[in-house]
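Please open the model in your viewer and keep the selection panel at hand, as each stop on this tour begins with something to select.

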Amino acid sequence: MDLLEYQGKQFFATYDIPVSEGEAVTTVEDAVAAADRIGYPVVVKAQVHVGGRGKAGGVKLAANTAEAREHAEFILGLDIKGHIVKTVWIESASDIAEEYYASFTLDRAAKKHLGMLSAEGGVEIESVAETNPDAIAKIWIDPVDGLSEETARSWVEAANLNPAANDGAVDILLKLYRAYTEGDCDLCEINPLILKPTGEVHALDAKVTFDGNAEFRHEGWDVIDATQIRDEREQAAHDKGLQYVGLDGSVGVIANGAGLAMSTVDIVNQVGGSPANFLDIGGGANAEVMAGALEVINNDPNVKSIFINIFGGITKGDEVANGIVTALGRVQIDAPIVIRIDGTNAEQGRAILAEHASDKLQSKSTMIEAAKTAVELAK
Amino acid sequence: MAIFVDENTKVLYQGLTGSQGKFYGLRNRDYGTQVVAGVNPKKAGTDVDGIPVYATVAEAKEATGATVSCVFIPAPGVQSAVLEAAEAGMELVVVITEGVPAQDEAYFFNKVKRDFPNTRILGPNCPGIISPGKANIGITAGEIAKPGGPVGIVSRSGTLTYQALYELKLQDIGVTTCVGIGGDPVPGTSFIDCLEAFEADPETKAVMLIGEIGGSAEEEAAEFIKNKMTKPVSAYIAGVTAPPGKKMGHAGAIVSGGKGTAAAKMEALTDAGVKVGNNPTEAGELMVEIVRGLGL
């Protein structure tokens, strides 16, 4: 789950990481009122789940009420790479002496946490990594040890920040590491981390991704979840607890297991078709889940045929078949369904489907044969 | 021979009393696996269809001689279950559970590696391990695998693992061991761990590797194959047509910043001399060619 900047800053604030005072608002009137309350100059910042908002005109400095109004009017409703700005964050403007970069994420190859700190902040870290990799001080942290103050200090020293920033940076990094681990983040990034002329170190931006798997031990994540950007189909699937990614083709795809679902999407492409989606009904999916998946696919007007690809392990073939029959009884499904079932209880599943076979529901014995049939039907 | 588990392996199930644990624990026993115990502190002293339930892993091990644990505990309890199993001296802990937080995975992987170096974790979020005809630990439908070798399989995806087993069975090719390493960010057992074991196993003559987009595990495996393996390998990578920036179900399956693409992985594997198929069926056919080429 990706947090918007203001959500990230509110999260940081709970760990005492210094962030600018501000307010998130959704209307011009509220933006002006917030700016007046905070005191000028303020920065009006578009809240979108996409980078490059500065270049798109989504971040502007306002010296007075009139400018705050002008900027809020411009930014609210602005289209930034297909994301329409619905919320702006108004914050007190900061004086900047230097801009740095700091982040924590999981290094999957090393199986340890990776901390990155750079004196070259305010630009994309990927480009720093390419043009001047030595400018990034990296440390790998064993989650069992955690990050000690001593380690944090030598890391900060290795990054060659302005020495005046060192104490503040150590303090922020220790807090950021706590936020990253205790907060179950996939990513915590501050870019830029600034040194003010007065000597304080401060998080001027916040990029945070929560690990959705940890939702069970965090309160309030539903609020974050509600601000995720999903298209209508993705939202409907999400509400049913399905793993769904919208694509732009005409063959609806339902499979069990992420690998098989990806493979199914690949095969539809390989036999000359184009998939409308990726949909993984997950392990242990029962009739109810299958029916829900079919409803989601059925609501996509682009879908001309549906390819259900099931290899039973923890998912049982007979339950999948029952789900399809249930769904057919519950909703009017217009697109023809091609299904291939193998694995656990596959024979029982095939028998159930055979009883309901029609030109709208047919069974094929291999993945490729089923894909070809589904693609043909979508034409 | 098989790798990691065989007909002599005694297995206990953490979560045997739950619905999934019971279904698969009993199914694994029906397959012929030595399912010797269940663990549940609240149900110690009872049994599941004749399989005794103990309060702790240590007690179950003491009473039955189990060396492998299979974990069906819900995600919030996985970390403590794995650590308990490692502490009790389990040699292999197979974690089937999906949805385990990445912070937990990173923690218990490193904790076990440091404090219990003799314990191997497999998973989380994996289908388990099957040495066909000998032992089946996890959720794979045993009947889709033909026993006997000469092929070893290692896979990041559950359902594609079944697909691979099934493709080979249709061609009348047997499997020594099939290991599902799982699709999570911190898999306890890596491709390389399995490739190393297959390389050392005299009955395994060729290996099939099934990967997917995201991360760099396949590239690392390619490096290992290039430098350390003498046995032929065929491979398939799922997610050739996956759009960047979208998680394809698995926490690990995401193409980000142009990294982790199927194309890059396929290229690295091809460069290492691996025969790479465009879909599971093709990878299966390539393996058939390899096996026939070996005169087996």
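How many helices and strands does chain A have? Select chain A of this predicted model, colour by secondary structure, and you should be able to trace 13 helices and 18 strands. With the C-alpha trace of chain A displayed alone, its extent along the principal axes is about 80 × 50 × 40 Å. Of the 379 residues in chain A, buried residues make up 50%, and among the contacts in chain A with a separation of 6 or more, 69% are accounted for by residues 24 or more positions apart.

Next, show both chains and select the residues at the contact, to which chain B contributes 52 residues and chain A contributes 47 residues. On the side of chain B that touches chain A, the elements giving two or more residues are helix H4 (102–115), helix H5 (158–170) and helix H9 (280–293) of chain B; of these, H4(B) gives the most, with eight residues. Colouring that side of chain B by residue class divides it into 25 nonpolar, 20 polar and seven charged residues.

For the last stop, stay in chain B and select helix H7 (residues 217–228) and helix H8 (residues 262–271), whose axes come within 8 Å and cross at roughly 5°. Because angles under 35 degrees count as roughly parallel, H7(B) and H8(B) are roughly parallel to each other. Show side chains for B:Glu218, B:Glu219 and B:Ala222 of H7(B), together with B:Lys265, B:Ala268, B:Leu269 and B:Asp271 of H8(B), which make the contact. By class, this contact of H7(B) with H8(B) comprises three nonpolar, no polar and four charged residues.

How values were computed: Residues numbered from 1 in each chain as written. Chains lettered and ligands numbered in written order. Predicted model: local features only at pLDDT ≥ 70, side-chain atom pairs only at ≥ 80, totals over all residues. Contact = placed C-beta atoms within 7 Å. Helix = DSSP H or I, 4+ residues; strand = E, 2+ residues; numbered from the N terminus. Nonpolar A, V, L, I, M, F, W, Y, C, P; charged D, E, K, R; others polar. Buried ≥ 20, exposed ≤ 12 C-beta atoms within 10 Å, placed from the backbone. Axes fitted to C-alpha atoms, helices over the stretch in contact; angles between N-to-C directions. Parallel < 35°, antiparallel > 145°, perpendicular 65-115°, else oblique.
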